[in-house]
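Here is a friendly look at how charged and nonpolar side chains are arranged in one protein model. Have the sequence and the structure at hand as you read.

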Amino acid sequence: MPELPEVEHVVRALRRSVNGSRIVASEVTLPKLISPLSTAVFNRKLKNARITAVNRRGKYILIELDNRLTLAVHLRMTGQFLVLKPDDELPRHAHAVFYLEDERRLVFRDQRQFGVMKLLASSRINTLKGISELAPEPFSDEFSLAYLKETLAKSRRTLKTLLLDQTRVLGLGNIYAAEALFRARINPFKIASELSTKRVTRLHQAIRDVLRAAVSGNSSSRISLENAEGFSYGEAFGRIWQVYEREGEPCFKCGARIRRLTHGGRSTYWCPTCQRR
DNA sequence: ACCCTCACCTGCACGC
DNA sequence: TGCGTGCAGGTGAGGG
């Protein structure tokens with residue numbers, strides 16, 4: 001599920017539902033999830049730790065504990081958190097269970113098993129491979145027009161590819177990259193360094209607009225970890241994509257048929273008229 | 001230093 | 001019904 005907005009929703013839901021809770025025990029049934037730690041060490045370090053904060057950096061969820069450790073979680077494609085009440089059955093693909101002092105269980109499930117958890121000293125979070133190199137947060141001052149202009153100027157890759165690179169532009173995934181390019185009326189296969197200043201400006205605005213709309217959309221209040229079905233894209237969020245997953249359908253702006261091409265192993269959708277080369 | 005390809009997994013929709 | 005194919009929202013290792 002998760003691009004930056006979805007991760008932000010998960011973070012907020014975790015804050016509402018488990019911040020302040022104490023973990024009395026944990027269980028991990030998929031060792032690679034927490035590698036390189038052993039499950040024994042992982043469980044021992046978490047025992048009796050209290051969750052003191054839940055934050056986000058890029059698409060990483062940072063669960064801070066009162067023992068100077070932080071659990072950094074990346075959901076990748078299908079990772080989910082949910083909170084079970086005492087009588088609830090453990091769902092399929094539950095790979096880690098955190099038993100809370102009030103009898104609830106915080107569960108991490110992940111159908112495709114791509115998700116990762118790293119437990120390490122809070123002071124060392126920024127040294128974590130994957131986090132240390134991340135581009136500035138899209139809503140920070142650091143992610144300025146000048147930053148984007150310089151970043152694009154340095155790359156001969158296509159925009160679509162570059163927008164997915166979290167070390168250059170943070171927060172977009174395959175959906176929002178396509179949506180941002182549509183919003184900015186820019187062709188996904190354009191070479192980054194060849195973009196005019198006018199277009200860079202439009203793209204900068206579009207990236208923020210698309211992410212902001214998704215973060216602050218009507219969905220956020222409805223999401224709850226106690227109702228896992230709340231976590232999905234598309235209709236469940238009450239949103240319709242402009243181009244994503246709309247191959248062959250008419251563009252909402254001009255009526256042209258939306259096109260799709262597989263590019264670097266992933267689908268790219270665009271309107272051939274609104275987003276000319 | 002950069003950029004590309006592939007690998008990591010399960011499950012679903014599709015066509016034969 | 002069953003089986004093969006392609007596809008799915010993300011990243012990181014390895015190689016050119």
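Glu 8, Arg 12, Arg 56, Arg 57 and Glu 137 are joined to one another in a network of salt bridges. Keep in mind that the model you are looking at is predicted. Side chains of opposite charge can pair when their charged atoms come close.

Let us begin with one pair from this network. Arg 12 and Glu 8 meet through their side chains in a salt bridge, with 2.9 Å from N to O. Why is about one helical turn the spacing between Arg 12 and Glu 8? Both belong to helix 1, which covers residues 4-18, and they sit 4 residues apart there, so about one helical turn separates them. Are the two partners buried or exposed? Glu 8 is buried, because its relative accessibility is 11%, under the 20% cut-off. Arg 12, with a relative accessible area of 31%, is partly exposed.

Now for another pair in the network. Arg 56 makes a salt bridge with Glu 137, and their closest N and O atoms are 3.0 Å apart. Arg 56 is found in strand 2 (residues 51-57), while Glu 137 belongs to the loop between strand 8 (116-121) and helix 3 (145-153), so this pair ties together parts that lie 81 residues apart in sequence. Glu 137 counts as buried, at 18% relative accessibility.

The model has 14 salt bridges in total. The table sets out three of the pairs.

| Arg partner | Acid partner | Closest N to O |
|---|---|---|
| Arg 12 | Glu 8 | 2.9 Å |
| Arg 56 | Glu 137 | 3.0 Å |
| Arg 104 | Asp 102 | 2.9 Å |

In the pair of Arg 104 and Asp 102, Arg 104 is buried, with 17% relative accessible area, whereas Asp 102 is partly exposed at 40%.

Next, turn to the nonpolar side chains. Which residues have the most contacts inside the largest nonpolar core? They are Leu 152, Leu 203 and Ile 207, in a core of 35 residues. Helix 3, helix 4 (159-163), helix 5 (174-183) and helix 6 (197-216) are the elements that each give two or more residues to this core. Ile 207 makes a good place to zoom in. Setting aside neighbours within four places in sequence, Ile 207 is in contact with Phe 143, Leu 148, Leu 163, Val 169, Leu 172 and Ala 180. Another core lies apart from this one; it has 33 residues, including Leu 46, Ile 51, Phe 98 and Met 117.

Technical notes
Residues are numbered from 1 along each chain as its sequence is written. Chains are lettered from A and ligands numbered from 1 in the order in which they are written. This is a predicted model: local features need pLDDT of at least 70, side-chain atom pairs count only at pLDDT 80 or more; totals for chains, interfaces and linings use all residues. Side-chain values use heavy atoms; hydrogens and water are left out. A salt bridge is a side-chain nitrogen of Lys or Arg within 4 Å of a carboxyl oxygen of Asp or Glu. Buried means under 20% relative accessible area, exposed over 50%, partly exposed in between (1.4 Å probe, protein chains only). A nonpolar core is a set of buried Ala, Val, Leu, Ile, Met, Phe, Trp, Tyr and Cys residues joined through side-chain atoms within 4.5 Å. Contact means heavy atoms within 4.5 Å.
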